[in-house]
Each structure stands twice: as C-alpha cells, then as structure tokens.
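Reader: I should like to learn how the features of a protein model are read from its coordinates. May we go through one example together?

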Amino acid sequence: MTEPSKKSNISVMAPSPTEIMRRRVRGHTGFLLGSGFVLLVLLLAVFAPYLSPYDPFEQNLNTRLVNPVWGEGGTWAHILGTDSLGRDYWTRILYGARISLTVGFGAAIISGLIGSVIGIIGGYFGGRIDGVVMYLINVKLALPGILIALSLVSIFGGSLIALVCILGFLFWDRFAVVTRSVTLQIRNNDFVTAAEAVGASKLRIIFGEVLPNVANHIIVVASLEMAIAILVEAVLSFLGLGIQPPTPSWGLLVSEGRNFMFFKPFLITLPGLAIFFLVIAINLMGDGIRDVTSPEGRN
Amino acid sequence: MGGFIGQRLSVALLVAITVSVIGFALLRLSGDLAADIAGEDATPEEIAEVAQLYGLDLPLHVQYFNWVGKTVTGDLGESLFTNEPVLDLILERIEVTLLLAFYSLVVALIVAIPLGVLAAIRVNTWIDRLALGIAVFGQAIPNFWFGLILIYVFGVILRWLPISGSDSFAHYILPTIALGTSVMPALMRLTRTGMLEVLDSEYIRTAWAKGLRPRVVFFKHALRNAILPVVSLAAVSLGFLLGGSVIVETVFALNGIGLLAYQSILRSDFPVVQSILVFVSFAYIILTLASDLINARLDPRIRFD
C-alpha cells in the first residue's frame with residue numbers, strides 16, 4: 001500500500017486563486033500578445049547599445065537618406081535606412097523607445113500617485129472633502145490638456161524630466177475618478193466597518209483595507225495613462241515643444257522626416273508605426289490585466 | 001429639479017472662476033509681461049512706464065479683477081506679436097475650428113453608433129471583434145501621424161483631395177477623418193456597452209415576447225435608452241475636439257484657433273494663448289453643464305441621485 005502522493009491531494013481541491021489567475025492569463029491571447037510586445041520593446045530599449053553598431057547621434061553626410069533594406073538601393077549596413085543627416089534609422093528608433101518608455105512609466109507613476117491619493121481621500125471621507133475632490137476633477141477636465149502641456153513646455157523647457165513632470169501633473173484625473181468610485185463602493189463593505197469597529201486608524205484602514213482592493217484598478221488605469229502619455233509626448237515632440245533635437249524621440253523623428261515624406265515616406269511611416277504598435281500593445285496589456293483580475297467588468 | 005439645477009450651476013461657475021484664475025496665472029508665469037510689451041530694446045524706465053500704463057504694477061488680485069472686468073466687456077488685450085486685438089484674431093478663425101470640431105463629431109457618431117449597435121446585437125461574433133479592433137486602432141493611432149499618412153495617400157499618391165488650407169468643404173475631409181478617429185472609439189464602446197445592458201433588461205424581453213420585429217426592438221426600444229450616455233459623451237467630446245484641434249489644424253495648416261494657439265505659443269504670445277485657453281475651457285464647461293441638464297430632464301433618476 002502506498003501513501004497518497006501530495007499531488008493527487010491537490011487535484012481534488014479547488015484551484016487556488018493564483019492558479020485561477022494563471023489559467024486566465026494563459027487563456028488570454030490579447031494579454032499575452034500585448035505584454036510580450038511591451039517586454040520586447042523594453043528589452044530593445046535597455047540593450048540598445050548592443051543591438052546596433054551605430055551611435056544615434058553620429059552623422060555621416062556620405063550616406064544621407066539611404067532607403068531601408070527592402071527599398072531601392074537599400075543595404076544591410078542600414079537595415080531601416082538613414083535619415084537626412086546620414087544617421088542610422090534603426091539606431092534612432094531603438095533609442096527612441098527609451099524616451100517613450102521613460103515618459104510613459106514616469107508620467108503614469110506621477111499621475112497615478114496624485115490621482116489615487118485625491119480619489120481615495122474623496123471616496124473614503126466623502127461629504128465636503130469629496131466635494132472638493134469632485135471640484136478638482138471638474139477643473140482638470142475643463143482644461144484643454146494639449147494646450148496646457150504645450151504652454152508649460154514652452155515656459156519650462158522640453159527636458160525629459162520637465163516633460164515627465166508636466167505629463168504626470170496633467171493626466172491624474174482618470175486615476176482620481178476610478179479610485180474615488182471604487183473606494184466609495186469598498187467603504188460600505190463589512191470588512192471596513194469591522195476594521196472601524198475594532199478601532200483601526202483611518203490611515204491603517206486606507207492602506208490595509210482600501211488600497212489592496214483598489215490596486216488592480218490603479219494598474220489598469222496606469223497602463224491606459226502610460227499609452228496616452230506616450231502619444232502626447234510624441235505629439236509635443238512632433239510640434240517642436242517636447243524632446244529637443246538631436247535626442248531621438250519617435251514624435252521628433254516623424255517631424256524631422258516630414259520634410260522628406262514625399263520621396264522618403266519610410267522616414268515618417270517607421271517611427272509612426274513604432275508609436276502605434278507600442279500603444280496598441282500597452283492597451284492590450286491593460287485590457288488583459290482588467291479581464292484577469294476582475295473578469296466581471298469585461299464589457 | 002430646482003435644487004439639482006442650482007447645484008450644477010454653482011459647480012460650473014466655481015470651475016469657470018478657477019479656470020480663469022489658471023489662465024491668468026499662466027500669462028504671469030510666462031515671463032515679465034511689461035518687458036514683453038515694451039519690446040526688446042526698452043530701458044528699465046520704459047518698462048516701468050509700460051507696467052504703470054497697463055496696471056501691471058498693481059497687486060495680483062487687483063490685476064486679476066481688472067482683467068476679468070476687461071474680458072467681460074470683450075477686451076481680451078492685444079497680441080504681443082501683431083498688436084491686433086486678441087478678440088479679432090479669435091473671431092476671424094473661430095469658424096474654421098467650430099466647423100472642424102462639428103464635422104469630426106458628426107463623422108465619429110455616424111461610424112460609432114451603427115458599429116456599436118451592431119457589435120452589441122452580434123456580441124462575441126466576428127462583427128463584435130472587428131468593431132473592438134477598429135476601436136483599438138482608433139485609440140492607438142497618433143492623430144498627427146494619421147494626418148500625415150492621409151496627406152500622403154489621398155493628397156500625394158491619389159491626388160483626390162487638397163492637403164492644406166480651409167477654402168472649401170473638400171479641405172475639411174482629411175482633417176475631419178484624422179480628428180474624428182480620436183473620439184470615435186469611446187463613443188462606439190459606450191454605445192455597445194449601453195446596448196448590451198439595455199438588451200438584457202425586462203422590457204426588451206417583453207418587446208420580444210410581443211413578437212415585435214427585430215428592427216423595432218433594436219432601434220425603437222433599445223437604442224433610445226442606450227443612446228442617453230452617448231449623447232452626453234458627444235457633448236463632452238465636442239469640448240475635447242476644440243482643444244484637440246491644435247494638432248490637426250497644425251498638420252493640415254487649417255487657419256483656426258488651434259493653429260493660432262500653436263503659433264502663439266511658439267512666439268511666446270501668451271495674451272492670445274490665455275484667451276484661447278479660457279475660451280476652450282468655458283466651451284467645455286457650458287457643454288458639460290448643458291448635457292447634464294438635458295440628461296436630468298430626460299431621465300428623472302439622475303435628478304434624485
């Protein structure tokens with residue numbers, strides 16, 4: 001007679017929450033595709049110096065406006081061709097990913113902090129404090145974001161740090177709206193009442209009871225805001241009021257390529273496609289996180 | 001209803017006042033206004049003279065109220081760049097921006113509503129997936145880049161449409177597509193979600209049980225209720241489109257207030273920027289207020305919430 005193995009014991013039991021989560025992740029094509037692509041871009045950005053023999057700033061006027069390898073006169077020396085100053089386009093796009101990801105992460109973290117604090121405070125305390133929070137959200141919504149961002153960049157300059165701060169400061173509203181309404185719902189739950197009854201401090205309830213339940217919503221919004229920040233950075237740089245040349249930002253590459261777009265269209269299509277696919281991937285990842293953590297909210 | 005209106009009005013007023021303070025602060029933040037007006041070669045004495053003339057040496061709150069007083073009477077100051085009254089600059093260009101925003105919204109709705117309804121009726125089929133795919137596409141495409149691609153394909157390769165300027169209706173087609181694409185996804189998703197919710201309700205089951213034709217059930221019974229939030233989002237989107245026109249107007253060289261705002265920011269002509277900022281914000285506040293009130297009128301549940 002043999003002892004029943006541990007394994008067969010587990011198989012009789014219901015799957016653990018982690019196991020359920022793991023199964024949902026495996027079954028979610030969009031999430032796998034999206035997060036896989038984001039991870040790929042992240043790796044490309046981190047290891048950029050090892051993935052290209054060129055320097056992104058190195059000009060070579062003998063090899064200006066070379067077509068990509070599939071175009072007329074294209075060579076394997078410059079897979080994606082060169083720009084109007086003879087800089088290798090693959091290298092420029094590779095380093096551009098660093099800017100986009102930095103801005104995306106940075107802005108999402110700053111706006112997430114601001115928005116979540118405001119939203120949780122409003123939702124938890126309610127009453128007059130919530131009134132102030134709603135007022136702040138309304139003011140933020142009434143201001144035209146792009147116009148404010150352009151003005152602030154023209155006043156404070158287009159350094160990477162300034163840009164991250166300005167975008168972080170501008171896009172906190174969705175975090176506030178979502179965390180506020182989720183906190184409002186959680187606040188009325190029995191476990192919050194119980195914590196209050198045993199005399200837990202407000203701060204402890206917020207961090208111990210509310211925040212863990214709001215966290216997944218914050219992550220979903222963060223992915224959305226990351227995508228939006230990347231798009232807005234591209235717009236600002238395209239308009240000349242973002243990342244300043246010669247730093248390669250995807251928006252700036254489109255703007256530089258614009259003068260040559262009629263006979264070298266790859267100069268605008270390639271960086272544009274880079275923005276497009278990264279943003280789609282982040283959105284797919286965000287939708288995936290939402291479906292996996294709270295599938296009831298799918299529609 | 002009276003209490004609801006009063007509450008919404010006071011919130012809107014408070015927000016409007018705050019926005020005007022922010023607009024005022026932006027102009028002061030942008031640099032020494034007196035020095036800008038006096039010009040580059042002005043001596044400190046001349047700058048002080050200008051400051052006194054324009055009341056820029058007064059305490060800030062006095063300056064703010066003076067500015068509000070002037071604004072209310074239609075005096076928005078003068079452009080630092082052209083010396084023209086800001087009001088004239090805006091009025092000359094407002095028609096272009098309003099037309100662009102209006103066309104974009106109409107096109108977005110024409111695509112979003114039928115697509116959202118179809119996706120909800122055929123939920124979880126390829127039609128639904130296609131609709132969601134289009135939404136993802138519209139959300140992710142950078143509209144400045146989309147504009148350039150449209151210019152390249154329709155203006156340069158096919159030569160069907162003009163690529164810059166605002167002289168005729170044809171000039172608006174490409175900018176409308178570029179701008180409309182950015183608001184379409186949200187409208188489509190909201191139509192779809194609304195329809196899904198409504199189609200699940202009791203009275204729709206009753207309508208089916210009565211043996212009504214699908215067309216009547218979907219469009220007469222379901223869509224009417226599902227469309228309410230879409231209408232308010234559309235009003236809000238119009239405000240967003242006025243602000244978002246900066247990018248599209250710049251790409252297509254449409255001479256509206258978006259392009260004016262962009263050029264003014266580049267020239268540090270902040271009196272113009274300030275006026276456009278406050279104008280766009282106020283348009284947004286008024287549109288949101290109007291949509292709230294219309295919704296409360298149509299749906300009594302909102303009033304008593």
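Reader: Let us begin with a single residue. In which loop does Pro246(A) lie?

Author: A residue outside the helices is placed by naming the elements on either side. Pro246(A) lies in the loop between H11 and helix H12 (250–257) of chain A. The peptide bond that leads from Pro245(A) to Pro246(A) is cis, with omega near 10 degrees. Please bear in mind that this is a predicted model.

Reader: How far may I trust the prediction, and what is the mean pLDDT of chain B?

Author: Confidence is read before geometry, because coordinates should not be read in detail where pLDDT is low. For chain B the mean pLDDT is 86, and 98% of the residues reach 70 or more. The model as a whole has an ipTM of 0.87 and a pTM of 0.89.

Reader: How many helices and strands are there in chain A, and how many in chain B?

Author: One counts the elements, then reads their order. Chain A has 13 helices and zero strands, and its elements run α-α-α-α-α-α-α-α-α-α-α-α-α from the N terminus on. Chain B also comes to 13 helices and zero strands.

Reader: What are the overall dimensions of chain A and of chain B?

Author: Dimensions are taken along the principal axes. The C-alpha trace of chain A spans about 75 × 70 × 30 Å, while the C-alpha atoms of chain B fill a box of roughly 85 × 60 × 30 Å. Of the 299 residues of chain A, 46% count as buried; of the 305 residues of chain B, 40% do. Contacts can also be sorted by separation in sequence. Among those between residues at least 6 apart, 70% in chain A join residues at least 24 apart, and in chain B the figure is 72%.

Reader: How is a bent helix recognised, and where does H11(A) bend?

Author: One compares the span of the helix with that of a straight one. Helix H11 (residues 202–238) of chain A has 37 residues and would span 54 Å if straight, yet its end C-alpha atoms are only 46 Å apart. H11(A) bends by about 55 degrees at Leu211(A), and a proline, Pro212(A), follows within four residues. After the helix comes Gly240(A), with a positive phi near 85 degrees.

Reader: What does the same test give for helix H5 (residues 86–121) of chain B?

Author: The 36 residues of H5(B) should span 52 Å, and the end C-alpha atoms are 50 Å apart, which agrees. A local bend is nevertheless recorded: H5(B) turns by about 40 degrees at Arg93(B).

Reader: Which residues have the most contacts inside the largest nonpolar core?

Author: A core is read from its members and their contacts. The largest nonpolar core has 161 residues, and those with the most contacts inside it are Ala149(A), Leu167(A) and Leu187(B). H11(A) gives this core its largest share, 19 residues. Leu167(A) touches several residues beyond four places away in sequence, among them Val103(A), Ala149(A) and Val232(A).

Reader: How many residues of chain A are in contact with chain B?

Author: An interface is described by its residues, its elements and its chemistry. In this model 32 residues of chain A are in contact with 36 residues of chain B. On the side of chain A, the elements giving two or more residues are helix H6 (127–142), helix H7 (145–156), H11 and helix H13 (266–293). By class, that side has 24 nonpolar, seven polar and one charged residues.

Reader: Which value of phi does Asn83(B) have, and is Asn83(B) buried or exposed?

Author: A positive phi outside glycine is worth noting, together with its surroundings. Asn83(B) has a positive phi of about 65 degrees although it is not a glycine. Asn83(B) sits in the loop between helix H4 (60–72) and H5 of chain B. Asn83(B) is exposed, because 8 other C-beta atoms lie within 10 Å and the cut-off for exposed is 12 or fewer. Ala253(B) is another residue other than glycine with a positive phi, near 50 degrees. Its place is the loop between helix H10 (214–252) and helix H11 (257–266) of chain B. With 13 C-beta neighbours inside 10 Å, Ala253(B) counts as partly exposed.

Technical notes. Residues are numbered from 1 along each chain as its sequence is written. Chains are lettered from A and ligands numbered from 1 in the order in which they are written. This is a predicted model: local features need pLDDT of at least 70, side-chain atom pairs count only at pLDDT 80 or more; totals for chains, interfaces and linings use all residues. A residue is buried if 20 or more other C-beta atoms lie within 10 Å of its own, exposed if 12 or fewer, and partly exposed in between; C-beta atoms are placed from the backbone. Two residues are in contact if their C-beta atoms, placed from the backbone, lie within 7 Å. The expected span of a helix is 1.5 Å times one less than its number of residues. The bend at a residue is the angle between axes fitted to the seven residues ending there and the seven starting there. A nonpolar core is a set of buried Ala, Val, Leu, Ile, Met, Phe, Trp, Tyr and Cys residues joined through C-beta atoms within 7 Å. Ala, Val, Leu, Ile, Met, Phe, Trp, Tyr, Cys and Pro count as nonpolar, Asp, Glu, Lys and Arg as charged, and the others, Gly among them, as polar. pLDDT is the predictor's confidence in each residue, from 0 to 100.
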